[in-house]
Amino acid sequence: MIHEYPWLRETYLPLQKAIEEHKNAHAFLIQGDTGIGRFILAKFLSDTFLGYEQNKTSEIKDEIIVSPLEDKKSISIDQIRSLKESLLLTSLKGKGKVGIIYPSESMTYPAANSLLKILEEPPKDTLIILITESTGKLPKTIVSRSQIINCGHPSSEDSMKWLKEKENVDWAPIISVFGNRPVLLNEMGHDHLTNKIDSLSSQITGLIDGEMKPSEISDLWKNEDIELNLRVLYSWISQYLEIKLLQKNHEQNLPNGLTRMLDKNINHESCFKLMDDIIRLRELKYTGKGLSWNLHITKLLNPLFTEMSGMKEYV
């Protein structure tokens, strides 16, 4: 139930009545960070539109979910065409039909163009729900034809309370690294994430101490979730800069190597460049481009390997 997600409830309740009466926009565009429950919110909106009762699992549901097919990174034009054909069919329950596109930024250009035609002439009693991290990742023509819904973002207190209800352990170190993404963190599990942080912390400290080479780390990452590793590294560099520039306390769980570097003179611009490089690689990884990841990761980590020499201010 929506009440199990207090941060989503605040977004859902103002929309509920209009959706129940089918007086809502024909397309919703939910935007928000990964892991906060965007898809869960979409399902609640869909259930409300269709009059679907979640406790009746055998009930027929006029809902089509469109996502990249297995082993694919993008949503094809054929999938969008199939969605349109399904939406044109008569509703099985007579309460309308819903199409959920997730993540919508994974649509190819032809697929997005095909969807635009549906949005311009939507079938009667249909609702299309798109889910994205940011409207900036979608064509403006699609954004302009959708009602934008900013998915409620949980506070640290919300995340901690919700996660503790799932597993009563200390989630604070994990939240400090991964941020307030309770749904994702719960799915990945406390033990797995704790081991991931410990492993990456050891690797980054090894690089800074000169005990591990960037190429060694790159080899280790080949069989891991590179995007997740990059997210953790970005969080640590961001925390490092906050401590240095804003004189914050450093109770955060920084790797030992980065903690020791807090006393060094650092070129802050180079730190920001490293963060930009991480964002760029995350984007490339998301788009599924066939690049030489060993080379990219090795190049990215090289400044850390040389005791952050590429970031030090020499005076």
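This section describes the fold of a predicted model, from the whole chain down to single elements.

The chain contains 14 helices and five strands. Along the principal axes, its C-alpha atoms fill a box of roughly 70 × 40 × 30 Å. Of the 315 residues in the chain, 45% are buried. Among the contacts with a separation of 6 or more, 70% join residues that are 24 or more positions apart.

Strand 4 spans residues 126-132. Seven of its seven residues are buried, so strand 4 is largely enclosed by the rest of the structure. In a regular strand the side chains alternate between the two faces of the sheet. In strand 4, T126, I128, L130 and T132 lie on one side, while L127, I129 and I131 lie on the other. Both of these faces are covered, and the residues on each are all buried.

Strand 4 has pairing partners in strand 1 and strand 3. Strand 1, residues 27-31, pairs with strand 4 in the parallel sense, and the pairing runs over five bridges. Within this pairing, F28 stands opposite I129 of strand 4. Strand 3, residues 97-101, also pairs with strand 4 in the parallel sense over five bridges. Here G99 has I128 of strand 4 as its bridge partner.

The loop between strand 3 and helix 4 includes S104. With a relative accessible area of 1%, S104 falls under the 20% limit and is therefore buried. When neighbours within four places in sequence are set aside, the contacts of S104 are L29, L130, I131, T132 and L138. Of these contacts, L130, I131 and T132 are also named among the buried residues of strand 4.

Helix 3 covers residues 77-88, twelve residues in total. The distance from its first C-alpha to its last is 17 Å, close to the 16 Å expected at 1.5 Å a residue. Its buried residues are Q79, I80, L83, S86 and L87. Seen down the axis of helix 3, these residues fall within an arc of 120°, so they line one face of the helix. A general property of helices is relevant to this pattern. An α-helix has 3.6 residues a turn, so residues three or four places apart point the same way. On the face of helix 3 turned away from the buried side are the exposed residues D78, E85 and L88. The buried residues of helix 3 pack against strand 2 (63-66), strand 3, helix 4 (109-120) and strand 4.

Helix 4 likewise has twelve residues and reaches 17 Å between its first and last C-alpha, close to the expected 16 Å. A111, A112, S114, L115, L116, I118 and L119 are its buried residues. These pack against strand 1, helix 3, strand 3, strand 4 and helix 5 (140-143). Strand 3 and strand 4 are thus named among the packing partners of helix 3 and of helix 4.

A further helix pair was examined elsewhere in the chain. Two packed helices are described by the angle between their axes and the distance between the axes. Helix 9 (residues 190-208) packs with helix 14 (residues 293-305) at an angle of about 65°, and their axes are 7 Å apart. Helix 9 contributes I204, L207 and I208 to the contact, and helix 14 contributes L301, L304 and F305. By class, this contact has six nonpolar residues, with no polar and no charged residues.

Note on methods:
Residues are numbered from 1 along each chain as its sequence is written. This is a predicted model: local features need pLDDT of at least 70, side-chain atom pairs count only at pLDDT 80 or more; totals for chains, interfaces and linings use all residues. Side-chain values use heavy atoms; hydrogens and water are left out. Helices (H or I, at least four residues) and strands (E, at least two) are DSSP runs, numbered from the N terminus. The expected span of a helix is 1.5 Å times one less than its number of residues. Buried means under 20% relative accessible area, exposed over 50%, partly exposed in between (1.4 Å probe, protein chains only). The arc is that of the directions from the helix axis to the C-beta atoms. Contact means heavy atoms within 4.5 Å. Axes are lines fitted to C-alpha atoms, for helices over the stretch in contact, and angles run from 0 to 180 degrees between N-to-C directions. Ala, Val, Leu, Ile, Met, Phe, Trp, Tyr, Cys and Pro count as nonpolar, Asp, Glu, Lys and Arg as charged, and the others, Gly among them, as polar. Two strands pair if DSSP finds at least two bridges between them.
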